[in-house]
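Ready for a few exercises on reading a protein model? Take a look at the sequence and the fold, and keep both open while you work.

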Amino acid sequence: MAAGALKRLRSRSGGDGEAAAAAKPGAWARLGVWARALLRDYAEACGDAAAAARARPGRAAVYMGLLGGAAACCALAPSEAAFEEALLDASGTLLLLAPATRNRDAETCVQRLLWLRGRGRLRHVNLGLCSLVYEAPYDPQASLYQVRCRYLQPRWAEFPDRILDVGFVGRWWVLEARMRDCDINDDEFLHLPAHLRVVGPHQLCSEANERLFDKKYQPVVLTDDQVDQALWEEQVLQKEKKDKLALSQADSLVQSEGPR
């Protein structure tokens, strides 16, 4: 009897284990349940966002514009190769100018950047929305103790002073600002008075200057009175020339007969 009871107990426990194993889902089934729950959550979130956009379209348009602008800035953030290309272009532009006409600030800026580039002290970092080019104290390949020791590295408080240029929307703004008037040497105008050293925009592109420039190519139209006046003045000039010529001939005859 004891042996029979033991067999029945073992068979019952085995049946319970098989039933529990059959009821427990597999790994793929659990992954499917998790994926369906994740998609359901994302669908609900998208539905709520669409409902909020329909309720307040102005705010939704502003948010979409900000997101699109941020994505465009991230895509247009200039790289290190773009900075080197802009630096070489600026150097070539200055080389085409005579030394006397180069802007001193532009030449100093470009020469300093080229000097740092030649020594491997230029660093580029992409911040997502913009890029920065800053000065490093040493070349990254140097093996000096000052370079490897972390206690001798520059402080973060000094980082703003080491920034050389800012790249945003595909442009390097500091370098472009320095090269804006690269062909104007301010030292050439130091001898002028103070009010003549600065020329305002209204003096360069004034309406009066534009009108005078256009009038230069227009035909001259004279009235009858102006034509008669011009003819009379021409006759008077011709008569004066003849009188002067006659007087000069008479003086020459008198001088030639005098010695005789």
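The exercises below use a predicted model, and each one comes with a worked solution.

**Exercise 1. The largest pocket**

Find which residues line the largest pocket, and work out how the lining divides into nonpolar, polar and charged residues.

*Solution.* Start with the space itself: the largest pocket has a volume of about 230 Å³. Next, list its lining, which is made up of Asp181, Ile184, Asp186, Phe189, Leu190, Leu196, Arg197 and Val199. Now sort these residues by class: five are nonpolar, three are charged and none is polar.

Finally, follow one of the lining residues, Asp186, through the chain. Asp186 belongs to the loop between helix H8 (173-178) and helix H9 (194-197). Its relative accessibility is 45%, so Asp186 counts as partly exposed, between the cut-offs of 20% and 50%. Asp186 also has a partner far along the chain: Asn103 is 83 residues away in sequence, yet the two C-alpha atoms are separated by 6.9 Å.

**Exercise 2. Aromatic rings**

Classify the pair formed by Trp156 and Phe159 as stacked, tilted or edge-to-face, then decide for each of the two residues whether it is buried or exposed.

*Solution.* To begin, the structure holds three aromatic pairs. In the pair of Trp156 and Phe159, the ring centres are 6.0 Å apart and the planes meet at 55°. Stacked needs an angle under 30 degrees and edge-to-face one over 60, so this pair is tilted.

Turn to accessibility next. Trp156 has a relative accessibility of 75%, so Trp156 is exposed. Phe159 has a relative accessible area of 17%, so Phe159 is buried. To complete the picture, add Tyr134, which forms one aromatic cluster with Trp156 and Phe159.

A ring can also face a charge. The charged end of Arg171 sits over the ring of Trp173, at 4.2 Å from the ring centre.

**Exercise 3. Cysteines**

Count the disulfides, and work out why Cys74 is in none.

*Solution.* Recall that a disulfide is a covalent bond between the sulfur atoms of two cysteines. The count here is zero. For Cys74, the nearest cysteine sulfur belongs to Cys73 and is 7.0 Å away. The cut-off is 2.5 Å, so Cys74 is in no disulfide.

Then check the surroundings. With a relative accessible area of 41%, Cys74 is partly exposed. Cys149, at 12% relative accessibility, is buried.

**Exercise 4. Three loop residues**

Place Val169, Tyr138 and Ser79 in their loops, and give the exposure class of each.

*Solution.* Take Val169 to begin with. Val169 sits in the loop between strand E3 (163-168) and strand E4 (171-172). Its phi is near 55°, a positive value in a residue other than glycine. A relative accessible area of 35% makes Val169 partly exposed.

Move on to Tyr138, found in the loop between strand E2 (131-135) and helix H6 (145-148). At 33% relative accessibility, Tyr138 is partly exposed. The C-alpha atoms of Tyr138 and Arg119 are separated by 8.1 Å, with their positions 19 residues apart along the chain.

End with Ser79, in the loop between helix H3 (57-75) and helix H4 (80-95). Ser79 has 37% relative accessibility and counts as partly exposed. Ser131 lies 52 residues apart from Ser79 along the chain, and their C-alpha atoms are separated by 7.3 Å.

Note on methods. Residues are numbered from 1 along each chain as its sequence is written. This is a predicted model: local features need pLDDT of at least 70, side-chain atom pairs count only at pLDDT 80 or more; totals for chains, interfaces and linings use all residues. Side-chain values use heavy atoms; hydrogens and water are left out. On a 1 Å grid over the protein atoms alone, a cavity is a set of points where a 1.4 Å probe fits but cannot get out, and a pocket is an open set with protein on both sides within 12 Å along at least five of seven lines; lining residues have an atom within 4 Å of a point. Grid points are joined across faces, edges and corners, and a volume is the space filled by probe spheres set on the points. Ala, Val, Leu, Ile, Met, Phe, Trp, Tyr, Cys and Pro count as nonpolar, Asp, Glu, Lys and Arg as charged, and the others, Gly among them, as polar. Rings of Phe, Tyr and Trp (its six-membered ring) pair if their centres lie within 6.5 Å; planes under 30 degrees apart count as stacked, over 60 as edge-to-face and the rest as tilted. Buried means under 20% relative accessible area, exposed over 50%, partly exposed in between (1.4 Å probe, protein chains only). A charge sits over a ring if NZ of Lys or CZ of Arg is within 6 Å of the ring centre and within 35 degrees of the ring normal. Helices (H or I, at least four residues) and strands (E, at least two) are DSSP runs, numbered from the N terminus.
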